[in-house]
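Q: Could you take one part of this model and walk me through it slowly, explaining each term when it first comes up? I would like one connected account.

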Amino acid sequence: MNPIYPDLKNKHILITGGSNGIGEALTRTFAEQAKEVTILDQDYDKGLLIAKECEKYNCKVNVYCVDLTDTNALASTLATIKKERPVVNVLINNAGYDPRYSLLEMSDAQWNDLFQLNVTHYFITCRELLPDMINAGGGSIIMTSSHQVWLANPDLIAYSATKAAIIGMVRSLAEAVGKHYIRVNAVAPGWIMTERQLNQWVTPEAKHKNLQQLSIPIELTTNELVGIYLFLASDTSRAITRQTIVVDAGHAQS
Ligand SMILES: NC(=O)c1ccc[n+]([C@@H]2O[C@H](COP(=O)([O-])OP(=O)(O)OC[C@H]3O[C@@H](n4cnc5c(N)ncnc54)[C@H](O)[C@@H]3O)[C@@H](O)[C@H]2O)c1
């Protein structure tokens, strides 16, 4: 059960990667409370399915199909959204990927491609949407980082670098736009049992080992995560900016 934030009912929320995993949970959660939710995702069919299922709420869910690593396509999609939809009040940069590479075997292309998805699209959305947010007199930007920045697993060097880059971006951007009443914060989730994690990485042994490393031994799902995004999106958090909130049951020594 999530808290209700009445001010969200006038807000337009844009979520990258809103068709699956954490993004899907965010889309469904915000659709219950917001005026409009816009998903940017390459999984168009799943986005449309979620939009259909959210018709029961008093919220319009829009889906735009785009490859977030294609900077020109992304900028052009955002230009369309600016024409067709209300001003984005809350931007949630969330899409990302977590491939395992050892440093010695990682190619330039693998490194650059990961930054293109995990960092560059976060910058492009901010650059394109901030002017309207400033004109609107305020807003909230939330970026999904990861507790891997602190855990520092050896096969996630590139991933950890992208997620640390986001925390740096959040801190500087918060300084730049605070005078326009725009908050910028990061959420750093722990290991969240999304469908892709379950299919790709979760084994009974890994799950058992993970639970033993947590201060609070609970299996983390999106249910443990979405509330913090609601809070950071709502004006209830109007004095909170430049922060990274780690939601990992005490796993990382952040
Ligand atoms: N799941 C976890 O355990 C975990 C932990 C810490 C941080 N995170 C971060 O949370 C965010 C979401 O992760 P998730 O586990 O929900 O991922 P996911 O793979 O379940 O969902 C990602 C979504 O992004 C979309 N996407 C991916 N690449 C895209 C592209 N190039 N263009 C358009 N859409 C694209 C996918 O279609 C999908 O809908 C990521 O930034 C991830 O790094 C996840």
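A: Helices (H or I, at least four residues) and strands (E, at least two) are DSSP runs, numbered from the N terminus. The model is a predicted one, in which local features need pLDDT of at least 70 and side-chain atom pairs count only at pLDDT 80 or more, while totals for chains, interfaces and linings use all residues. Residues are numbered from 1 along each chain as its sequence is written, and side-chain values use heavy atoms, with hydrogens and water left out.

The part to look at is helix H1, with the strands on either side of it in the chain. Thr27 is found in this helix, and at 0% relative accessibility Thr27 counts as buried, a word that means under 20% relative accessible area, whereas exposed means over 50% and partly exposed lies in between (1.4 Å probe, protein chains only). The side chain of Thr27 also reaches the backbone oxygen of Gly18 at 2.9 Å, which is a polar contact (a pair of N or O atoms within 3.5 Å; within protein, one must be able to donate a hydrogen and the other to accept it, and residues adjacent in sequence count only if both atoms are side-chain atoms).

Arg28, which follows in the numbering, has its place in helix H1 too, but at 26% relative accessibility Arg28 counts as partly exposed. The C-alpha atoms of Arg28 and Ala51 are separated by 8.6 Å, although these two residues are 23 residues apart along the chain. Taken as a whole, H1 is mostly covered, with 9 of its 11 residues buried, and among the buried ones are Ile22, Gly23, Glu24, Leu26 and Phe30.

Now turn to strand E1 (residues 12–16), where 5 of the 5 residues are buried, so this strand is largely enclosed by the rest of the structure. His12, Leu14 and Thr16 point one way from E1, while Ile13 and Ile15 point the other way, and all of them are buried. One distance to look for starts at Ile13 and ends at Cys126, because these two are 13 Å apart in space, C-alpha to C-alpha, while being 113 residues apart in sequence. Cys126 lies in helix H4, and at 4% relative accessibility Cys126 counts as buried.

Strand E1 has partners on which its pairing can be followed; two strands pair if DSSP finds at least two bridges between them. E1 and strand E2 (residues 36–41) run parallel and are joined by 5 bridges, and within this pairing His12 stands opposite Glu36 in E2. The chain crosses from E1 through H1 to E2 in a β-α-β crossover that is right-handed, meaning that, with the strands pointing away from the viewer, the path from the first strand over the helix to the second runs clockwise. E1 is also joined to strand E4 (residues 90–93), again in parallel, by 3 bridges, and Ile92 in E4 is the bridge partner of Ile15.

From E4 the pairing can be traced onward to strand E5 (residues 139–144), since 4 bridges join these two parallel strands. Asn93 has Met143 in E5 as its bridge partner. Here the chain crosses from E4 through H4 to E5, and this β-α-β crossover is right-handed as well. E5 is mostly covered, with 6 of its 6 residues buried, and it pairs in the parallel sense with strand E6 (residues 182–189) over 6 bridges, where Arg183 is the bridge partner of Ser140.

Helix H1 also leads to the ligand. The ligand is surrounded by 29 residues, the closest being Ile22, Asp41, Asn94, Tyr159 and Arg196, where a residue is near if one of its heavy atoms lies within 4 Å. A backbone N or O atom of Gln42 lies 3.2 Å from a nitrogen atom of the ligand, and a ligand nitrogen is 3.0 Å from an N or O atom in the side chain of Asp67. An oxygen atom of the ligand is 2.6 Å from an N or O atom in the side chain of Tyr159. The elements that give two or more residues to the shell around the ligand are helix H1 (21–31), helix H4 (108–136), helix H6 (157–177) and helix H7 (195–200).
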